[in-house]
Amino acid sequence: MKIYLISDSHFGSDRGKLPSRKREELFFEFLRMARSDADLLILLGDIFDFWFEYKHVIPGHYFHILKELHDFASSIETHFVGGNHDLWVDGFIESLNISVHRESFEFELDGRKLFFAHGDKLRNTDLGGKTVRMILSNKVSIGLFSLIHPDIAYEIARFVSNASRNRSSKEEAPSNPMPNAAVELFEEGYSLVALGHTHVPYLDYWNDKIFLSTGDWYNVFNYAVVTESEVSLYWYLENRKKTIKWKS
Ligand SMILES: [Mn+2]
């Protein structure tokens, strides 16, 4: 069994290492590769720099991504875990055959309990990131936000989201890439804790357990693969990877 993971592509934002359209093309390449190899794909948050669902409107600039994801999900089981930029989903993503998890996703592989979340809630996140999640998780603000014309709403979101990203890249360059909350999860019995959000790729042991930070598809271009025997973190553009084997 091969579980593929990818996070933090922030599609729609042109502030990454490459413009969004170029990152999307690379992502489609990645999907084609994963299609012939993966048994399961987990989109671990902040795939979209901003995602908001209206009753009658879907954002046109995401059309190609949505189409590719729909095609992919029709043959490979696909899960979407909400990030702080894209947790407001209300049926449309599900209509693409993708399972949606607002907070986290758990999976059992070969008797091991695996925990997947975007991770912003497990860290002391910056104010901007919190603001976006707050807007996107509160029923009243969602209701109010949905009254704004979508073109204006997406401009507001772009502004807030840029502010959030700038601040997180300054504040969150984590000297310790593993948040304390991960230790609690390990102590609860999880063998793997996999998080996104920091944009810092990291894979290492915590005692006999494994902590994975999925990096990003924004500046570094990472993805990860979990199997019954090992966990690998890939640097797609550099054609390199780090692999560690399960200890127990
Ligand atoms: Mn994030």
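This is a conversation about reading the metal site, salt bridges, surface patches and a few backbone details in a predicted model.

Trainee: Let's start with the metal. Which protein atoms are the donors of the manganese ion?

Mentor: To read a metal site, look for the protein atoms that sit within reach of the ion. Here the model is predicted, and the manganese ion has D46 (OD), N84 (OD1), H118 (NE2) and H197 (ND1) as its protein donors. They lie 2.0 to 2.2 Å from the ion.

Trainee: What spacing do the donors follow along the chain?

Mentor: Write down the donor letters and the gaps between them. For the manganese ion that gives D-x37-N-x33-H-x78-H. Now place two of the donors: D46 is in the loop between β2 (40–43) and α2 (63–75), and H197 is in the loop between β7 (192–195) and β8 (201–206), so the pair ties together parts that are 151 residues apart in sequence.

Trainee: Are D46 and H197 buried or exposed?

Mentor: Both D46 and H197 are buried. H197 has a relative accessible area of 6%, and buried means under 20%, so the label fits.

Trainee: What is there to say about phi of H197?

Mentor: When you scan a backbone, pick out positive phi values in residues other than glycine. H197 is such a case, with phi near 80°. F221 is another entry to note, with phi near 65°. F221 sits in the loop between β9 and β10, and with a relative accessible area of 0% F221 is buried.

Trainee: Where is W217 found?

Mentor: Look in the loop between β9 (209–214) and β10 (222–226). W217 is buried there, at 0% relative accessible area. You can also set sequence distance beside distance in space: W217 and W51 are 166 residues apart along the chain, and their C-alpha atoms are separated by 17 Å.

Trainee: How far apart are I142 and A182 in sequence and in space?

Mentor: I142 and A182 are 40 residues apart in sequence and 30 Å apart in space, C-alpha to C-alpha. I142 belongs to helix α4 (residues 139–145) and is buried, with a relative accessible area of 9%.

Trainee: On to charges. How many salt bridges does the count come to?

Mentor: The idea is to pair a side-chain nitrogen of Lys or Arg with a carboxyl oxygen of Asp or Glu within 4 Å. By that rule the count is eight. Take E24 and R21, whose side chains meet at 2.6 Å, N to O. They are three residues apart in helix α1 (residues 20–35), so about one helical turn separates them. E24 is buried at 4% relative accessibility, whereas R21 is partly exposed at 42%.

Trainee: Which residue forms a salt bridge with E25?

Mentor: That's K22, with the closest N and O atoms 3.8 Å apart. E25 and K22 are also three residues apart in helix α1, about one helical turn. E25 is partly exposed at 46% relative accessible area, and K22 is partly exposed at 38%.

Trainee: And how far apart are the closest N and O atoms of D71 and K67?

Mentor: For that salt bridge the figure is 3.2 Å. D71 and K67 both lie in helix α2, four residues apart, about one turn of the helix. D71 is partly exposed at 28% relative accessible area, and K67 is partly exposed at 39% relative accessibility.

Trainee: Now the surface. Which residues gather in the patch of negative charge?

Mentor: For a charge patch, look for like charges that cluster on the surface. In this model, E106, E184, E187 and E188 do that. Helix α6 (residues 180–188) gives the most to the negative patch, with three residues. E187 is found in helix α6, and its relative accessible area of 59% makes E187 exposed.

Trainee: Which residues make the nonpolar surface patch?

Mentor: Do the same reading with nonpolar side chains. V140, L144 and L147 make a patch of about 350 Å². L144 lies in helix α4 and counts as exposed, at 55% relative accessibility. Set L144 beside I142, another residue of helix α4, which is buried at 9%.

How values were computed
Residues numbered from 1 in each chain as written. Predicted model: local features only at pLDDT ≥ 70, side-chain atom pairs only at ≥ 80, totals over all residues. Heavy atoms only, no water. Patch = residues over 30% accessible without salt bridge, like charges linked within 9 Å, V, L, I, M, F, W, Y side chains within 5 Å. Areas by Shrake-Rupley, 256 points an atom, 1.4 Å probe, with all protein chains shown as cover. Lys, Arg positive; Asp, Glu negative; His and termini not counted. Charge placed at Lys NZ, Arg CZ, Asp CG, Glu CD. Buried < 20%, exposed > 50% of the residue type's maximum accessible area, 1.4 Å probe, protein only. Donors = N, O, S within 2.8 Å, 3.2 Å for Na, K, Ca; no water.
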